[in-house]
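User: Please take a close look at one part of this model, the helix that carries several of the aromatic contacts, and describe how it sits among its surroundings. I would like one connected account that also says how far the prediction can be trusted.

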Amino acid sequence: ATTEIYTLSLHDALPILALAVTRAQADEGVASAARMAFTLLGPVAVLGIAGRRIVYQTRADGEFTRRTRAALLIAIGVVFISCFLILTMTRTPLYPWVLPGFDALAWSAILGFAVNHSSVMAAVLPAANLRAEGRTFAIGVGRVCATIAAVVFVWLHSPFDDVADVAWCVCSASGAYFVALSIARQVTGGGPSVPAETTTAGGVR
């Protein structure tokens with residue numbers, strides 16, 4: 001549990017790391033634009049946290065059904081589309097009028113943030129399985145992998161002089177987290193098979 005808490009703080013600090021590097025290597029306008037992107041996606045992040053708790057509780061009560069897995073896949077798509085559309089608003093005339101001084105985000109930055117948030121949502125499924133199996137150490141290792149991926153990205157792409165650099169930095173971390181958890185899950189055989197929906201006299205349970 002201590003390892004999980006420690007690595008959780010590292011994983012959550014990655015946006016701060018990316019913003020700090022951007023502030024040190026680029027002008028304040030780039031860092032401000034990146035912070036604004038995170039702020040605009042705040043509601044999506046909050047809903048994602050709530051959804052993650054629901055998924056964790058569902059898995060704690062028993063194996064995922066095919067319906068649950070399908071719902072999670074839909075949620076991943078909804079997160080991606082929502083983030084993409086929200087940030088696309090920065091490219092409309094409304095954005096500089098509401099928030100003067102902020103420039104439109106590049107398409108590469110918009111795509112990077114959208115992929116990042118959907119990757120975080122995708123990692124919920126293997127994380128929930130590992131948590132239910134009491135394998136918190138594997139989750140901790142996944143978060144360490146995420147941190148390493150972000151640090152390597154910073155090293156390879158310095159200087160950070162564009163909002164897209166921040167977006168893809170955190171995206172690389174989230175992608176590494178998802179891959180690490182998925183590998184950890186598959187190494188042990190992926191757990192029991194997914195139960196089919198059960199039909200009773202009252203209908204589908």
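Analyst:

**Helix α7 and its surroundings**

This is a predicted model, and its protein chain averages a pLDDT of 80, with 77% of the residues scoring at least 70. Over residues 1–11 the pLDDT is below 50, although this stretch has 16 contacts in the model beyond near neighbours in sequence. The pLDDT also stays under 50 over residues 191–205, for which the model has 23 contacts beyond four places in sequence.

Helix α7 covers residues 107–122, and a look at it can begin with the aromatic pairs, of which the structure holds three. In one of them, the rings of F38 and F113 have their centres 5.2 Å apart and their planes at 80°, and because an angle over 60 degrees counts as edge-to-face, the pair is edge-to-face. F38 belongs to helix α3 (residues 28–40) and F113 to helix α7, so that this pair links distant parts of the chain, 75 residues apart. Both F38 and F113 are buried.

A further pair, formed by F84 and W107, is stacked, with 5.9 Å from centre to centre and 20° between the planes. Since F84 lies in helix α5 (residues 66–88) and W107 in helix α7, the pair ties together parts that are 23 residues apart in sequence. F84 is partly exposed, with a relative accessible area of 26%, and W107 likewise counts as partly exposed, at 44% relative accessibility. These two residues do not stand alone, for F80, F84 and W107 form one aromatic cluster.

Helix α7 also holds N116, which counts as buried because its relative accessibility is 7%, under the 20% cut-off. Leaving aside residues up to four places away in sequence, N116 touches V170, C171 and S174.

Helix α7 is also among the elements that cover the buried residues of helix α8, together with α4 (42–60), α5, α9 (136–157) and α10 (163–187). Helix α8 (residues 124–132) is mostly covered, with seven of its nine residues buried, namely V124, L125, P126, A127, A128, N129 and L130. After α8 comes G134, whose phi is positive, near 75°.

Taken together, helix α7 contributes F113 to a pair with F38 of helix α3, W107 to a pair with F84 of helix α5, and part of the cover over the buried residues of α8.

Methods:
Residues are numbered from 1 along each chain as its sequence is written. This is a predicted model: local features need pLDDT of at least 70, side-chain atom pairs count only at pLDDT 80 or more; totals for chains, interfaces and linings use all residues. Side-chain values use heavy atoms; hydrogens and water are left out. Rings of Phe, Tyr and Trp (its six-membered ring) pair if their centres lie within 6.5 Å; planes under 30 degrees apart count as stacked, over 60 as edge-to-face and the rest as tilted. Helices (H or I, at least four residues) and strands (E, at least two) are DSSP runs, numbered from the N terminus. Buried means under 20% relative accessible area, exposed over 50%, partly exposed in between (1.4 Å probe, protein chains only). Contact means heavy atoms within 4.5 Å. pLDDT is the predictor's confidence in each residue, from 0 to 100.
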